[in-house]
Amino acid sequence: GSHILTGPIKIEGAEPGDVLEVRIREVRMNVPYAWNSFGRTSGFLPNEFDSRMKIIPLDRERKVGHFAPGIDIPLKPFFGSMGVAPPVSAGKIDSAPPGNYAGNLDNKELVAGTTLFIPVHAPGAMFEAGDGHAAMGNGEVDITALETSLTGVFQFIVRKDMHLNWPRAETPTHYITMGLDPDLTAATKLAVHETLDFLVNEKHMSRDDAYMLTSVAVDFSVTQLVDGSKGVHGMIAKSLFNAPPGGK
């Protein structure tokens, strides 16, 4: 693919079947500009626009991007791609489609202070990070975000006590489940199933109650529509589980 990635970084002790816990300690913007572009045949609306690129100045102190006169974008820098080596059976893969190895998730919730949990498929996990974004809208519909150069500080923890089939994440306020598939409906179903599994296994709910809670209190958003495998993520508020017994 076309992404600039740093890695692979071998994580000592990580083996297939483990989970790599990636604590995102810091994300720094290296330069005072970003760019956004699309091609004639790329993005969610191919063949509707001619190719174009735009440079967006970044005010890193105020954390805004000057998109146009009178239009400033709040900056929330994150790495579009953070992942591990895929299963050996997958062979060589493109950097664009995300998968059960994470990779090009393009999830704008994964800012500094959040944690990403990735199933390990190869010895050493072989972590990579890249595709720096200063900001992005859910969907990333023209195929790029505010693309820029970032430096990240990560802490890695090998979790022998966790076993996941798909990536998950955690912010100070939410648990995040994910679904990835070329079909948007299938990606949504996977995100819902991952949410049910989380609520049943981690919060010890019945599957019926988990399904109901998912419907009335969990927000599902389109992560991105343009990476080959589409993404949907569920936002489960931690505050749901802070009420005292009996609702008093």
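Biologist: In this predicted model, which side chain makes a polar contact of 3.1 Å with the side chain of Asp131?

Modeller: The contact joins two side chains, and its length is 3.1 Å. One of them belongs to Asp131, in strand S10 (residues 127–133). The other belongs to His133.

Biologist: Is Asp131 in a salt bridge or without one, and what is the nearest side chain of opposite charge?

Modeller: Asp131 is buried, yet has no salt bridge. A salt bridge needs a nitrogen of Lys or Arg within 4 Å of a carboxyl oxygen. The nearest side chain of opposite charge is 15 Å away, and belongs to Lys108.

Biologist: Which acidic residues does Asp131 contact, leaving aside neighbours within four places in sequence?

Modeller: The contacts of Asp131 include His3, Ile4 and Leu5. They also include Phe78, Phe79, Gly80 and Ser81. Asn104 is on the list too. The acidic ones are Asp106 and Glu147.

Biologist: Strand S10 sits in an open sheet of 4 strands; what is the order?

Modeller: The pairing is antiparallel. Strand S1 (5–9) and strand S8 (102–103) stand at the edges, each with a single partner strand, so one side of each has no neighbour in the sheet. The order is S1-S10-S7-S8.

Biologist: How many bridges join S7 to S10?

Modeller: S7 and S10 run antiparallel. One bridge pairs Met82 with Ala129 in S10. Met82 also stands opposite Gly103 in S8. Between S7 and S10, the number of bridges is 5.

Biologist: And how many bridges join S7 to S8?

Modeller: Strand S7 covers residues 78–83 and runs antiparallel to S8. Gly83 stands opposite Ala102 in S8. The number of bridges between S7 and S8 is 2.

Biologist: How many residues of S7 are buried?

Modeller: Buried means under 20% relative accessible area. S7 is largely enclosed by the rest of the structure, because its buried residues number 6 of the 6.

Biologist: Another open sheet has the order S3-S4-S5-S6; which strands stand at its edges?

Modeller: This sheet has 4 strands and antiparallel pairing. Each edge strand has a single partner, so one side is left without a neighbour in the sheet. The edge strands are S3 (33–38) and S6 (71–74). From one strand to the next, the twist averages 30°.

Biologist: Which residue of S5 stands opposite Asp59?

Modeller: Strand S4 (residues 52–59) and strand S5 (residues 64–68) run antiparallel, joined by 2 bridges. The side chain of Asp59 also meets Arg62 in a salt bridge of 3.8 Å, N to O. Opposite Asp59 in S5 stands Val64.

Biologist: Are Arg168 and Glu194 buried or exposed?

Modeller: Their side chains meet in a salt bridge of 3.4 Å, N to O. Arg168 lies in strand S12 (residues 168–170) and Glu194 in helix H1 (residues 184–202), so the pair ties together parts 26 residues apart in sequence. Arg168 and Glu194 are both buried.

Biologist: Which residue meets Asp197 in a salt bridge?

Modeller: The bridge is 3.6 Å, N to O. It links helix H1 with helix H2 (residues 207–217), between residues 10 apart. Asp197 is partly exposed, at 28% relative accessible area. Its partner is also partly exposed, at 43% relative accessibility. That partner is Arg207.

Biologist: How many salt bridges does the whole structure hold?

Modeller: Some are linked in a network, formed by Glu21, Arg23, Arg159 and Asp161. A search of the whole structure gives a total of 10.

Technical notes. Residues numbered from 1 in each chain as written. Predicted model: local features only at pLDDT ≥ 70, side-chain atom pairs only at ≥ 80, totals over all residues. Heavy atoms only, no water. Buried < 20%, exposed > 50% of the residue type's maximum accessible area, 1.4 Å probe, protein only. Lys, Arg positive; Asp, Glu negative; His and termini not counted. Polar contact = N/O pair within 3.5 Å; in protein donor to acceptor, adjacent residues only side chain to side chain. Contact = heavy atoms within 4.5 Å. Pairing = 2+ DSSP bridges. Axes fitted to C-alpha atoms, helices over the stretch in contact; angles between N-to-C directions.
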